[in-house]
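Me: Can you walk me through this one? I'd like to go over the helix packing, the aromatic pairs and the salt bridges.

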Amino acid sequence: MDAAAKKKVWGRDTLAGDPHARGDKARRVRAMFASIAGSYDLNNRLHAFGMDQRWRRVAVGMAAVTPGERVVDVACGTGDLAIALARTLPAAAADGGPSVIGVDFTFAMLPLAEGKSSGDAAAAAYAAGDALRLPLPDACCEAVTIAFGLRNVADPSAAVAEFARVLKPGGRLVVLEFVEPRNPLIRWGNAAYTRGLMPLTATALSGDRSGAYRYLPKSVATFLGTAGVAALYERHGFGGHRSRAMNLGTVDCHAGTLGR
Ligand SMILES: C[S@@+](CC[C@H](N)C(=O)[O-])C[C@H]1O[C@@H](n2cnc3c(N)ncnc32)[C@H](O)[C@@H]1O
């Protein structure tokens, strides 16, 4: 963890407006994730009541990757989605390269992902890289997945354009993301949890000083939402868009196919 990661990254001032509109969003997001990498999995499991792995399994199903194909899991973090994908695939794709490539721009995340990717998850390989400039050639994979990552990139539209670049024609894009629930009662309960209780317990558990668990609900409330993500699919040439709402409408899993 670098020294900057121990300091406050998101405070009252920086979260007063829209965090997505900040010119320094990428730097802050990276420092924040470097700060919480070590406790990231534990906080996820506890605060999603173990459901987060189920949402990732839905994303694996919607990516529909078959042996011989390659999937790039962008913003892979500690590797949970890359590992779930790897468990369904042989180590090598048809061209002899890895079946699953996880990419993340927070260096502290990658050794954690690598350490978890042995045995039946050995198909996953990892690389440092930015979602906006993936360190991969054009048309190199059949699927791109991104779980709880699109909201965190500085320019989600440019990221989806980049995903289209690395996908082969007919390739699939799967986006798993939090969303504000539409039902007013669920919205009220979700806000009480994500803005009231969760930041206290998650911050205490991780010893976090970055403000990560205040940024989380604010970044969801100010993000695109179901229709906004669907519009990105359309704008960048993905057809057949569909989305599945989960967890009382607080999580969406989107899928679509390039050029169809
Ligand atoms: C909430 S975590 C999600 C991790 C993982 N996908 C999961 O399901 O747990 C978001 C991740 O996105 C990464 N990230 C944010 N912006 C990125 C970018 N521009 N390029 C690559 N990774 C990025 C962060 O470093 C962090 O690891």
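Reply: What follows goes through those topics in turn, for a model that is predicted.

Me: Start with H3. Which of its residues are buried?

Reply: Helix H3 covers residues 40-47, and its buried residues are Tyr40, Asp41, Asn43, Asn44 and His47.

Me: Where do they sit around the axis?

Reply: The buried residues of H3 are on the same side of the helix, because they cover an arc of only 165° around the axis.

Me: And which helices do they pack against?

Reply: The buried residues of H3 pack against H2 (25-36), H4 (52-63), H5 (80-86), H6 (109-116), H8 (184-206) and H9 (212-221).

Me: What follows H3?

Reply: Phe49 follows H3, and its phi is positive, near 55°.

Me: Change of topic. Which residues make the nonpolar surface patch?

Reply: Leu42, Leu46 and Leu205 make a nonpolar surface patch of about 270 Å².

Me: Where is Leu205 found?

Reply: Leu205 belongs to helix H8. Its relative accessible area is 40%, so Leu205 counts as partly exposed.

Me: On to rings. How many aromatic pairs does the structure hold?

Reply: There are seven aromatic pairs in the structure. One of them joins Phe33 and Tyr40, edge-to-face, at 6.4 Å centre to centre with 70° between the planes.

Me: Are Phe33 and Tyr40 buried or exposed?

Reply: Phe33 is buried, and Tyr40 is buried too. Tyr40 also appears among the buried residues of H3.

Me: What about Trp55 and Phe178?

Reply: Trp55 and Phe178 form an edge-to-face pair as well, with 6.1 Å centre to centre and 85° between the planes. Trp55 lies in helix H4 and Phe178 in strand S5 (residues 167-178), so the pair ties together parts that are 123 residues apart in sequence.

Me: Buried or exposed, for Trp55? And for Phe178?

Reply: Trp55 counts as buried because its relative accessibility is 4%. Phe178 has a relative accessible area of 25%, so Phe178 is partly exposed.

Me: Which cluster do ring pairs link them into?

Reply: Ring pairs link Trp55 and Phe178 into a cluster with Phe148.

Me: Now charges. How many salt bridges?

Reply: The count comes to 19 salt bridges. Among them is Asp24 with Arg28, where the closest N and O atoms are 2.8 Å apart. Asp24 is buried, and so is Arg28.

Me: Which salt bridge links distant parts of the chain?

Reply: Glu69 and Arg172 are one such pair, their closest N and O atoms being 2.8 Å apart. Glu69 is in the loop between H4 and strand S1 (71-74), while Arg172 is in strand S5, 103 residues apart.

Me: Is that pair buried or exposed?

Reply: Glu69 counts as buried at 16% relative accessibility. Arg172 is buried too, with a relative accessible area of 15%. The cut-off for buried is under 20%.

Me: And what about Asp130 and Arg133?

Reply: Asp130 and Arg133 meet through their side chains in a salt bridge of 3.4 Å, N to O. Arg133 is exposed, with a relative accessible area of 60%.

Me: Last one. Which residues are linked in a network of salt bridges?

Reply: Asp41, Arg45, Asp52, Arg56, Asp80 and Lys116 are linked in a network of salt bridges. Asp41 is also one of the buried residues of H3.

Conventions
Residues numbered from 1 in each chain as written. Predicted model: local features only at pLDDT ≥ 70, side-chain atom pairs only at ≥ 80, totals over all residues. Heavy atoms only, no water. Buried < 20%, exposed > 50% of the residue type's maximum accessible area, 1.4 Å probe, protein only. Helix = DSSP H or I, 4+ residues; strand = E, 2+ residues; numbered from the N terminus. Arc of directions from axis to C-beta. Contact = heavy atoms within 4.5 Å. Patch = residues over 30% accessible without salt bridge, like charges linked within 9 Å, V, L, I, M, F, W, Y side chains within 5 Å. Areas by Shrake-Rupley, 256 points an atom, 1.4 Å probe, with all protein chains shown as cover. Salt bridge = Lys/Arg side-chain N within 4 Å of Asp/Glu carboxyl O. Phe/Tyr/Trp six-rings, centres within 6.5 Å; stacked < 30°, edge-to-face > 60°.
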